Structure formats: C-alpha cells, structure tokens
Amino acid sequence: MSFLRCAILGAVIACQVASPAVSQTSSGLVARDAWLRPTGAGMSMTGGYLVLINTSSRPLRLRAASSPEATSVTLHRSVVSGGVARMESLTDGLVIPAGARITFQPGGYHLMVEGMKHPLKVGDRMKISLAVDAAAAVSVSFEVRPEPPAPPNSPPPSVSAMPNMKMR
Ligand SMILES: [Cu+2]
C-alpha cells in the first residue's frame, strides 16, 4: 500500500467518527457505502451490500453478520452455473486479503437479510453487526436505497463533501 493510499485511508478513518458512512473494526477492517434494497410488498427479506477494505497487513475473515431487526443475516454469493443463477451460502465466512477491497453488489457477494421485523423503505436505516475474526462485532449503519451510493472504485468522500455529519 502506497503512502498516498494510507494518507487517504487515514482521512477516512478520522472522518468516520462523525460519519455513519464508514465504520472500522479494531482489527483494521473498514466498511463503507453500506446499503440495503427496500423490501418489496409483502416481503420480509432483502439484500445488503457494502465495500470492505482490509487496512491491516494480514488477512481478515468476516465470520458472520447479524441484526436485531432481522431473524438472520447470512453471507451469500450469487453465481451463475450452467446458465442458471443461484445463491450459495459462505458458511466459512469471507477472507479479505491484506490491503484488499471487496465490493458486495447485486449479482455477487451480498448479505442475505431474512425475517425482517418491519418493511424497509428508501431513506430508512438499519444496523447490521459484522463479526471479524476474534474482534468484537462492529455495527454498521446501512442506508436503504434503490442503487449503490457510489461507483465501486470511487475515491473516499472528503470531509467537506459531508454536510450532514452527526455524532452517533
Ligand atoms: Cu442471497
């Protein structure tokens, strides 16, 4: 990782104190751009997506996810085999290599949220906890929106670009 990249990540980490868009675990995993699809009529399940960045110098394993607002949150991956799309459960979690970034997005990795206690509409927020290795789970605030908040490889937002900063 270059010095410049570290400097940018440093700015993001400093910013996350005030912004709900970025969360960090004690292990060095940064979660950003977390979003959920709104639930359809009569549906109690949805998909959650985010960008995970491993800022540490060793691999990190996302072990599990959970939310007080859903019966279960599981790690899934959509795959197409033999022309048929299906989802597989990542029962061993997901390893993020040192310095790597993994984008959860429709058609790929996603958090399968099932047994929602109430419907989600655009503009709502929902907390999902992520458990990484042996570190304490970190709570990430997901925004409900119809599409991703930013292209997967866009630069981190600057402090001045966040007019509505709130303390959590
Ligand atoms: Cu799924």
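**Exercise 1. State how many helices and strands the protein chain has, and give their order.**

Solution. Helices (H or I, at least four residues) and strands (E, at least two) are DSSP runs, numbered from the N terminus. By that reading, the protein chain has one helix and eleven strands. Along the sequence the pattern is α-β-β-β-β-β-β-β-β-β-β-β. Residues are numbered from 1 along each chain as its sequence is written. The model is predicted: local features need pLDDT of at least 70, side-chain atom pairs count only at pLDDT 80 or more, and totals for chains, interfaces and linings use all residues.

**Exercise 2. Determine which elements have the lowest and the highest mean pLDDT, and where pLDDT stays under 50.**

Solution. Begin with the scale: pLDDT is the predictor's confidence in each residue, from 0 to 100.

1. The protein chain averages a pLDDT of 82, and 76% of the residues score at least 70.
2. Among the elements, helix α1 (residues 3–15) has the lowest mean pLDDT, 44, whereas β7 has the highest, 97.
3. Over residues 1–19 the pLDDT stays under 50, and the model has 18 contacts beyond four places in sequence for them. Two residues are in contact if their C-beta atoms, placed from the backbone, lie within 7 Å.
4. Residues 157–168 also have a pLDDT below 50, with eight contacts in the model beyond near neighbours in sequence.

**Exercise 3. Identify the strands that pair with β5, and give a bridge partner in each.**

Solution. The criterion is that two strands pair if DSSP finds at least two bridges between them.

1. β5 pairs with β9 in the antiparallel sense over seven bridges. His76 has His110 of β9 as its bridge partner.
2. β5 is also joined to strand β6 (residues 84–89) by six bridges, and these strands run antiparallel. Here Ser78 has Met87 of β6 as its bridge partner.
3. β5 and β6 form a hairpin with two residues between them, and Gly82 in the turn has a positive phi of about 60°.

**Exercise 4. Repeat the analysis for β4 with β7 and β10.**

Solution.

1. With strand β7 (residues 94–96), β4 pairs in the antiparallel sense over three bridges. The bridge partner of Arg61 in β7 is Val95.
2. With β10, β4 runs antiparallel and is joined by four bridges. The bridge partner of Leu62 in β10 is Val132.
3. Ser66 lies in β4 (residues 60–66). Apart from neighbours within four places in sequence, Ser66 is in contact with Val73 and Ser129. The C-alpha atoms of Ser66 and Ala131 are 8.5 Å apart, with their positions 65 residues apart along the chain.

**Exercise 5. Describe the largest nonpolar core and the elements that contribute to it.**

Solution. A nonpolar core is a set of buried Ala, Val, Leu, Ile, Met, Phe, Trp, Tyr and Cys residues joined through C-beta atoms within 7 Å. A residue is buried if 20 or more other C-beta atoms lie within 10 Å of its own, exposed if 12 or fewer, and partly exposed in between, with C-beta atoms placed from the backbone.

1. Buried residues make up 26% of the 168 residues in the protein chain.
2. The largest nonpolar core has 30 residues, of which Ala31, Leu50, Leu52 and Ile128 touch the most other members.
3. Two or more residues come from each of β2, β3 (46–54), β4, β5 (70–81), β9, β10 and β11. The largest share, six residues, comes from β2.
4. Leu52 touches Leu29, Ala31, Leu62, Ile96, Arg101 and Ile102, residues up to four places away in sequence not being counted.

**Exercise 6. Classify Asp33, Asp133 and Met112 as buried or partly exposed.**

Solution.

1. Asp33, in strand β2 (residues 29–36), is buried because 23 C-beta neighbours lie inside 10 Å. Its phi is near 55°, a positive value in a residue other than glycine.
2. Asp133 is in the loop between β10 (125–132) and β11 (138–144). Asp133 counts as partly exposed because it has 16 C-beta neighbours inside 10 Å. Its phi is also positive, near 45°.
3. Met112, in strand β9 (residues 109–116), has 18 C-beta neighbours inside 10 Å and therefore counts as partly exposed. Beyond four places in sequence, Met112 is in contact with Gly47, Val73, Thr74 and His76. Met112 and Thr74 are 38 residues apart in sequence, yet 5.1 Å apart in space, C-alpha to C-alpha.
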